[in-house]
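Please walk through this structure one part at a time. Begin with a single chain, then turn to an interface.

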Amino acid sequence: MRKKPAVVISLVLAVLGLGAPATAKDQWVIAFGEEPFTLNPANKGALAAVSDYVQIQMFDALVDVTGTEFLALKPMLAERWENPNPNTWRFYLRRGVKFHNGDPFTAEDVKLTIDLALANKGSTQNSYLGPTESVRVIDPYTVELVTKTPFPPLLSNISRLHIVPRAYEKVGPDLFGTKQPIGTGPYRFVEWQRGQHIVLEANSDYWGGAPTPRRLMFRFIPDSSTRAAELKAGGVDIITGPPVAQLKELATGDTTIVAIPAVRVIAYPINTLQKPLGDVRVRRALNLAVDRETIAKTLLQGYGKPTGQPFIPGWLGYDPEIKPFAYDPAQAKKLLAESGNAGGFELTWNITTGVFLADREIAEAASAMLGQVGVRIRLVPTERAKIQKDLQAATFDGITSGQWGTTAESDVMAKWFFRPKIFTPELDAKLAQLVGAGSSEVDRTKRGKIWSELSRYAHDEALWLYIHYQDEAIAKRRDLPWQYWAGRGSKGYIYYYIPAKR
Amino acid sequence: MRRYVIGRLVQAALALLGVTCVAFLLVSLSGDPAFILLTPEAGESQRAAFREMYGLDRPLAVQYASYVGHVARGDFGRSFAFDRPALTVVLERVPATLELAVAAVVLAIAFGVPAGIAAAIRPGSWLDRAVMTIVLLGQSVPTFWLGLLMIRILAVDLRWLPVSGRGTWGQLVMPATALALWLAALLARITRSEMLESMAQDYVRTARAKGLPERGVTIRHAMANALLPIVTLIGLQIGTLLGGAVITETVFAWPGLGTLVFDAILRKDYPVVLAVVELVAAGFIVINMSLDLLYGYLDPRLRRATA
Amino acid sequence: MNVRRAVGPGGVVLVGLVLVAAFAPALAPHDVGGLDLLRRLAPPAWSAGGSWAHPCGTDPLGRDVLSRVIYGARTSLAIAGAAMLVAAALGIFLGLLSGYAGSWPDALIMRVADIQLSFPYLLLAIAVMALLKPSLTNLMIVLVLRSWVVYARLVRVVTLSAREREFVTAARAMGGGAARILFRHIAPNVVGASIIVSSFQLAELIIVESSLSFLGLGVQPPTPSWGGMVSEGRAYVGSAWWLSAFPGLSIVLAVLGANLTGDALRRALDPRLRGV
């Protein structure tokens, strides 16, 4: 009886056109927190992760990094490849592939794409190619890249380079990025309403078979609570970045949470050049004082796992033998006393807010725990760009924060975290040697061993405050037939949000 | 009169220049865009090339002079993030912002002014107290909280309205209401106090003494007087409405200037930030200058006061 | 002036809140930072699962909500109050200068005010917070920038009209210096209006701080502030309503108190003064 007025009002509103817009069954609506910068994979400069998530539906690369088996490389637009010598890469291309505008895919398109990336010196795509010097068309379905020095990560990097057609030059970068993104991918572009949504529809001529669903709509909703509300109200089908506060609620009823495991590591690098952090006992004490199990269970609600090393499961270099530090405040106090810090000390911790799951809460909780062994933490919320810059320039005090998405190759991450000048001479020398060796080792197995050694060294020397690595939670309508699967992505994330049937 | 107008125009131009200067200083001192716009994998050489591409490695004074020169010709540069003309990026969002602002103003006037009148007719009555309490409550609730509460109750639990976005009338209701609330409360208070003021004036009492019906007296004479301050107030709030609706836009995913400039500031996309600031500032200055000129025309005494 | 009528119920509320803020350590049942992850998100005492150890429940980190609200009074009132005082000082000074001196100082100050008003304050706040560290000092700067114009404009108008009055002309004729005239003759007229404006500004600044917290730019964790707590609790609207409700209620109380005091003051000091 009490429901009746509500129902009547709903009907009235629907008739007046004021109700919520209905989602068609063959269209999936995905809500992101940001809007892509551009749909042009060869754009001159800025690159955003979310731009890539949308571009990925419309473009293919030569190689796919995919993951029924984590980080394995699969053929995509290239059927096979070989290294005639360490500086040369030869790709044999798939035949019979067509771009969305009907043009056939040939080696010329690959050459154009690579030439563009080489020319756009201020772009991330340029960094993917590393020391690549030139690209050469051998025949319409064979293309060759030449690098100045051997560059093992090239293969997995090239999985992030979307191939654009020769028609790119006629269309021009502006139009290509806004209205006419022409690729070979499973979806083609329909429309882009700035600030609101992008609509794609299935490419029925896709070489890997027409995908389902027939249409994709990406909506941009900045506030996480609003995104969750949209999912609950039926306005969207999938949301990324659900609010931590509502994870439990979203896992019940007609919505559910899909957890993608081991998506990123959360780093809390320590500036060892600062007293008393140069003493490994102090650093170990910091690690022993934090109850990471409870944090993972309560603040992350199980969507994160305690860790004791910089590499996480699935990464080249992860060592399952390395266990997280125990929670032992008594031992921590003892170590502090041993190192001459029985009275505790003050420590700055630069943190981000809202950049990764529960970042602020975890920092607050850990600070309180550290306070209990005498380490008085001063939390300094810092915005993302500055925190990244301060790490690279080694201009931060105490501890800082960072994160890195799971990636096929660990060299960039290793350089990012272990080459800034925050290490004592002894630590720095060893790190330089390890990182250098890992970056130039061509053999994958040997490379993995070197990274494992780095991981163990970083653990033993307690170079970070180790707390956790993170799963990614994606909330969706319970009856939506979507499973995540690992595939190409920007920033080394190895998963799609939306898989096409391939 | 002509000298007055020219004087105001010159001042307006100087004001605009001042805004540009401050905005430019703030954004350029606030940090390096390369770090945030290129993913961490991009190496230092890519970042250096990025900076060079956009002329960020030049001295500040040179950048400023170059910027002003370009703006004078209508060129606001290219957005760092989108690699499109900054002006285009900004203008695309204007219709959404205007739609929300106009809807909010309309709602605020429609609810605030009658509430103020109702309260003023019988000061001290229960109606007066009730209205003013609601008004005070309206000014005490943070917009974002109200917005999220509305979403939960009206959209998720009751499903009467869509949650967010723009396109249908339904999607306009909640954001416009959330944005209108504080303005409506303000208008109610101003209307009430202006009305009370007017009603105590001699000429109103005279009209009443002449036997004109109370309601006619109230509405016509008193409102005419209240009009000017009300319009002034709305003019002053334009800046807040246009740019400061960030919160409403964020909560309701409304694609307006507020979120655009907020994101641009965090991303250090200076051309977009500067373009929005110019646009909003120019709009504000133009509107208020017009209002000032209008007063000056209507009441010569004010010319000296506001010059 | 009837003091009791001037202060009224609004004043009582305000004074009460100030007292709570002042005696926070004595009143708060728990330490502000006392974390207890295992007792997180406990509901208030009268609900199922609650206990009187935490009368208003606990937050996502297990901290006592009531204690944080009490300490939050300190933060929110102190910041809003201090900002208001500084803004008042700045605004009154500039308003007096502007109204009395006229010609170019007046034009300059008013145009600076225009420039500032045409900057949506949130953008200014974001820019300042992004440029400098998000600290309490910078937050104060942002809030002061928000407020001084209101004082300046009002004081300017009052000064302008007072300037033309006879006693000022007479004083000038007798050779009084400008500063003397300002302080002895004009300033008293300004005080009443300024006090009224202050109460309304206090209310507004409390709200502004809360909005800035929503955007992540207000008082930074772990210092409790009402606005920050409402913002943190916003995602829990459906599940842990007490997180936003109690600090939100405090904000409403404070704003109500400030506004009622302003109204009462206005009636008591000068019934003809316009409301702002």
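Contact here means heavy atoms within 4.5 Å. This is a predicted model. With that cut-off in mind, take chain B. Among its contacts with a separation of 6 or more, 72% join residues 24 or more positions apart.

What secondary structure does chain B hold? It has 14 helices and zero strands. Read along the sequence, the pattern of chain B is therefore one α after another, with no β entry, since only helices and strands are numbered as elements. Chain B has 307 residues, and 56% of them count as buried. Its accessible surface comes to about 12800 Å². Carbon and sulfur atoms hold 69% of that surface.

Now look at chain A against chain C. Each side is listed by its residues: 19 from chain A and 19 from chain C. Together the two chains bury about 1600 Å², with 64% of it on carbon and sulfur atoms. Three residues stand out on chain A. A:Ala245, A:Glu364 and A:Pro381 supply 28% of the area that chain A buries against chain C, more than any other three residues.

What about charge and polarity? The count between chain A and chain C is three salt bridges. One of them pairs the side chains of A:Arg360 and C:Glu232, at 3.5 Å from N to O. There are also three residue pairs in polar contact between these chains.

Which elements of chain A give two or more residues to this side? They are α11 (292-298), α13 (359-372) and β15 (375-381). The largest share, six residues, comes from α13(A). By type, the chain A side divides into ten nonpolar, four polar and five charged residues.

Key: Residues are numbered from 1 along each chain as its sequence is written. Chains are lettered from A and ligands numbered from 1 in the order in which they are written. This is a predicted model: local features need pLDDT of at least 70, side-chain atom pairs count only at pLDDT 80 or more; totals for chains, interfaces and linings use all residues. Side-chain values use heavy atoms; hydrogens and water are left out. Buried area is the accessible area (1.4 Å probe) that two parts lose on being put together, summed over both. A salt bridge is a side-chain nitrogen of Lys or Arg within 4 Å of a carboxyl oxygen of Asp or Glu. A polar contact is a pair of N or O atoms within 3.5 Å; within protein, one must be able to donate a hydrogen and the other to accept it, and residues adjacent in sequence count only if both atoms are side-chain atoms. Helices (H or I, at least four residues) and strands (E, at least two) are DSSP runs, numbered from the N terminus. Ala, Val, Leu, Ile, Met, Phe, Trp, Tyr, Cys and Pro count as nonpolar, Asp, Glu, Lys and Arg as charged, and the others, Gly among them, as polar. Buried means under 20% relative accessible area, exposed over 50%, partly exposed in between (1.4 Å probe, protein chains only). Accessible areas come from the Shrake-Rupley method with a 1.4 Å probe; for residues, only the protein chains shown count as cover.
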